[in-house]
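Take a look at the sequence and the 3D structure below. Then follow the text through the fold, one group of residues at a time.

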Amino acid sequence: MCARRADIAWHAARPQFYNVGCGMQAKAAHGTHAALFEAAGRLLFEVESPVGKALLDRELRYVAINDTLARFNGCDAAAAIGATVAEVLPDAFPTLEQLLRRVLDHGEAQRNFRVSVPTPSTPDETSDWEASYLPVVLPDGRIGGVYVQAINLTQSLRAERALRESATL
């Protein structure tokens with residue numbers, strides 16, 4: 001486990017509202033609530049989940065990433081921290097950059113979109129994804145980064161295709 005994972009966008013010591021996209025608001029307070037909020041932020045990235053999650057800063061560097069997304073991306077989570085999306089996903093970046101920039105530059109959440117891109121974990125084929133990119137709005141109103149959620153659909157889509165093909169035989 002990488003100690004830097006705790007350095008996510010939520011700073012519980014500041015009693016202010018933090019907004020992740022339009023879907024989640026929480027008020028960090030002093031004492032127990034602050035500790036609970038900080039622990040929940042860490043939990044988002046540390047708990048095993050079928051959903052890949054990451055937090056990117058304005059330079060599109062990984063501030064936090066869970067093991068699921070790191071595995072999908074063909075890297076170790078600790079190694080991804082500090083690296084840019086372009087460095088981790090060089091072949092997919094041209095497609096992903098425009099979506100990420102809409103979030104950073106305009107605050108436009110990109111929800112439940114599907115994309116097929118090459119990843120280092122499957123270099124000879126494309127991977128199919130459903131993802132959401134949500135703006136992380138800082139207490140002063142600026143967009144500080146992007147919260148990423150992604151589900152790799154590649155295996156389930158292959159299984160569906162194989163089932164359809166076998167049904168037509």
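Are Phe113 and Tyr133 buried or exposed? Both Phe113 and Tyr133 are buried. Keep that pair in mind, as the text will come back to it. Note also that this is a predicted model.

Start with the whole protein. It has six helices and seven strands. Read from the N terminus, the order of the elements is β-β-α-β-β-α-α-α-α-β-β-β-α. The protein has 169 residues, and 40% of them are buried. Now think about contacts between residues with a separation of 6 or more. Of these, 46% join residues 24 or more positions apart. The outside can be described too. The protein exposes about 9,200 Å², and 54% of that comes from carbon and sulfur atoms.

Next, turn to the aromatic rings. A pair of such rings is described by two things: how far apart the centres are, and the angle between the planes. The protein has two aromatic pairs. One is formed by Phe72 and Trp129, with 5.1 Å from centre to centre and 75° between the planes. That makes the pair edge-to-face, because an angle over 60 degrees counts as such. Where do the two partners lie? Phe72 is in helix H2, residues 67–72, and Trp129 is in strand S6. The pair therefore ties together parts that are 57 residues apart in sequence. Trp129 has a relative accessible area of 7%, so it is buried.

Phe113 and Tyr133 form another aromatic pair. Their ring centres are 5.0 Å apart, the planes meet at 75°, and the pair is edge-to-face. Phe113 belongs to strand S5 and Tyr133 to strand S6, so this pair links parts 20 residues apart in sequence. Recall the opening question: Phe113 is buried, and Tyr133 is buried as well.

Stay with strand S5, which covers residues 110–119. Gln110 has its place in this strand. Its relative accessibility is 11%, so Gln110 counts as buried. Which residues does Gln110 touch, leaving aside its neighbours within four places in sequence? Gln110 is in contact with Leu99, Arg102, Val103, Ala131, Ser132 and Tyr133. Tyr133, one of these, is also the ring partner of Phe113. With Arg102, Gln110 makes a polar contact between side chains, at 3.2 Å.

Asn112 lies in strand S5 too. Its phi is positive, about 50°, although Asn112 is not a glycine. Asn112 has 54% relative accessibility, so it counts as exposed. Leu60 also has a positive phi, near 60°, and is a residue other than glycine. Leu60 sits in the loop between strand S3 (52–57) and strand S4 (62–65). Is Leu60 buried or exposed? Leu60 counts as buried, because its relative accessibility is 2% and the limit for buried is under 20%.

Now for the charged side chains. How many salt bridges are there? The count comes to five. Among them is the one between Glu130 and Arg114, with the closest N and O atoms 3.5 Å apart. Glu130 lies in strand S6, residues 122–137, and Arg114 in strand S5, so this salt bridge ties together parts 16 residues apart in sequence. Glu130 has a relative accessible area of 25% and is partly exposed. Arg114, at 57% relative accessibility, counts as exposed.

Another salt bridge joins the side chains of Glu97 and Arg101, with 3.8 Å from N to O. Both residues belong to helix H5, residues 93–106. Why are they separated by about one helical turn? Because Glu97 and Arg101 are four residues apart in that helix. Glu97 counts as partly exposed, at 29% relative accessibility. Arg101 is partly exposed too, with a value of 29%.

One more salt bridge is worth finding. Arg142 pairs with Asp140, and their closest N and O atoms are 2.7 Å apart. Asp140 has a relative accessible area of 51%, so it is exposed.

Finally, go back to strands S5 and S6 in the structure. The ring pair of Phe113 and Tyr133 ties these strands together, and the salt bridge of Glu130 and Arg114 does so as well.

Methods: Residues numbered from 1 in each chain as written. Predicted model: local features only at pLDDT ≥ 70, side-chain atom pairs only at ≥ 80, totals over all residues. Heavy atoms only, no water. Helix = DSSP H or I, 4+ residues; strand = E, 2+ residues; numbered from the N terminus. Buried < 20%, exposed > 50% of the residue type's maximum accessible area, 1.4 Å probe, protein only. Contact = heavy atoms within 4.5 Å. Areas by Shrake-Rupley, 256 points an atom, 1.4 Å probe, with all protein chains shown as cover. Polar contact = N/O pair within 3.5 Å; in protein donor to acceptor, adjacent residues only side chain to side chain. Salt bridge = Lys/Arg side-chain N within 4 Å of Asp/Glu carboxyl O. Phe/Tyr/Trp six-rings, centres within 6.5 Å; stacked < 30°, edge-to-face > 60°.
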